Amino acid sequence: MLGAIIGDIAGCVYERRPPKTPEFPLMHPFSRYSDDTVLTIAIATALLDNTSYNQALYQFARAYPNRGYGSTFIRWFTSSNPQSYNSFGNGSAMRVSPIGFMAQSREWALSEAEKSASVTHNHPEGIKGAQAVALAIYLARQGASKDEIREQLTLQVGYDLSRSYEDIQPTYTFDVTCQGSVPESIIAFLASENYEDAIRKAIWLGGDADTMACIAGGIAEAYYGEIPEYLMDEAMKKLPQQFKDIITAFYQAI
């Protein structure tokens, strides 16, 4: 989960302002956590407290407004009676990493990912995006190889993960849909050599940088098992104490 949060913080300053070279600073003075982090923390809280995803997402979004939420999601959490709105945006995938880390079976990972997505993103593509990320994290934690992860995600959700990162990067453009950003985020992970390389590759694609690094970062943490200490230290400095406490409790629980 922390891998996803670090990806969000690292990527936020590059959203719509892609770096000009692949050698760019991952922690910028203006780096900050965005809606990706807030809603990831909300999903983790729902799992820890055995509360509904609906309640946790609603409460955390209202407690931490002005963090870059999409306009439709803003209407959702400012409503007195929020309802799912058939979205296929990548918001369902950016917040799902705690489910992958908590999962004890692939069936549970897929089922809970669908539940967490359907609160808002009940479109089939929105659900598929969340399921793909949760399953990738679960498989990585079970010791699956990258080839096995690629094969299982292709079978489960039908994503084309056979494309190379080098072919995608030169022409990729900003896309906030699950179908247009989740496969590419996964490919950035599959092409990586370590955690830092995964989030760097996701940002260097030049798309929805914070969300794509959040997605790739969560999977990379699960697969590589470690995150550079300097990235953890810098990220934690940028988080409120409530988030730090939830992160600590979450890792103790898994």
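Arg200 is buried, with a relative accessibility of 14%, where buried means under 20% relative accessible area, exposed over 50%, and partly exposed in between (1.4 Å probe, protein chains only). That is a handy place to start a walk through this predicted model, in which local features need pLDDT of at least 70, side-chain atom pairs count only at pLDDT 80 or more, and totals for chains, interfaces and linings use all residues. Residues are numbered from 1 along each chain as its sequence is written, and side-chain values use heavy atoms, with hydrogens and water left out.

**Salt bridges**

The side chain of Arg200 meets that of Glu196 in a salt bridge, 3.2 Å from N to O. The term stands for a side-chain nitrogen of Lys or Arg within 4 Å of a carboxyl oxygen of Asp or Glu. Both residues sit in helix 12 (residues 195-204), 4 residues apart, so about one helical turn separates them. Helices here (H or I, at least four residues) and strands (E, at least two) are DSSP runs, numbered from the N terminus. Glu196 is partly exposed, at a relative accessible area of 21%.

Salt bridges with shared partners also join Asp160, Arg163 and Glu184 into one network. As general background, side chains of opposite charge can pair when their charged atoms come close.

How many salt bridges does the structure hold? There are 8, and the table shows some of them.

| Salt bridge | Closest N to O distance |
|---|---|
| Arg150 and Asp147 | 2.9 Å |
| Arg163 and Glu184 | 3.1 Å |
| Arg200 and Glu196 | 3.2 Å |

Take the Arg163 and Glu184 pair, with its closest N and O atoms 3.1 Å apart. This salt bridge links distant parts of the chain: Arg163 is in the loop between helix 9 and helix 10 (165-168), Glu184 is in helix 11 (residues 178-190), and 21 residues separate them. Arg163 is partly exposed at 31% relative accessibility, while Glu184 is buried at 8%.

Arg150 and Asp147 lie together in helix 9 (residues 146-157), 3 residues apart, or about one turn of the helix. Arg150 counts as partly exposed, with 26% relative accessibility, and Asp147 is exposed, with a relative accessible area of 55%.

**Helix 11 and the loop before it**

Is helix 11 mostly covered or mostly open? Of its 13 residues, 12 are buried, which makes the helix mostly covered. The buried residues include Glu184, Ile186, Ile187, Phe189 and Leu190. Among the elements that cover them are helix 5 (91-94), helix 8 (124-141), helix 12 and helix 13 (209-224). From its first C-alpha to its last, helix 11 reaches 17 Å, close to the 18 Å expected at 1.5 Å a residue; the expected span is 1.5 Å times one less than the number of residues.

Thr177 lies in the loop between helix 10 and helix 11 and counts as buried, at 17% relative accessibility. The Thr177 side chain makes a polar contact of 2.7 Å with the side chain of Asp175. A polar contact is a pair of N or O atoms within 3.5 Å; within protein, one must be able to donate a hydrogen and the other to accept it, and residues adjacent in sequence count only if both atoms are side-chain atoms. Leaving aside neighbours within four places in sequence, Thr177 is in contact (heavy atoms within 4.5 Å) with Phe88, Gly89, Asn90 and Val182.

**Ser34**

Now to another loop residue. Ser34 is found between helix 1 (2-11) and helix 2 (35-49), buried at a relative accessible area of 5%. The Ser34 side chain makes polar contacts with two aspartate side chains: Asp8 at 2.5 Å and Asp36 at 2.9 Å. Not counting residues up to four places away in sequence, Ser34 touches Asp8, Arg67 and Asp210.

**The whole protein**

Stepping back, the protein has 15 helices and 0 strands. The C-alpha trace spans about 45 × 40 × 35 Å along its principal axes. With 254 residues, a compact globule would have a radius of gyration near 18 Å, and the protein's 16 Å agrees with that; the radius is taken over C-alpha atoms, and the globule rule is 2.2 Å times the number of residues to the power 0.38.

Buried residues make up 57% of the 254. Of the contacts with a separation of 6 or more, 73% are between residues 24 or more positions apart. The exposed area is about 10,500 Å², with carbon and sulfur atoms supplying 47% of it; accessible areas come from the Shrake-Rupley method with a 1.4 Å probe, and for residues only the protein chains shown count as cover.
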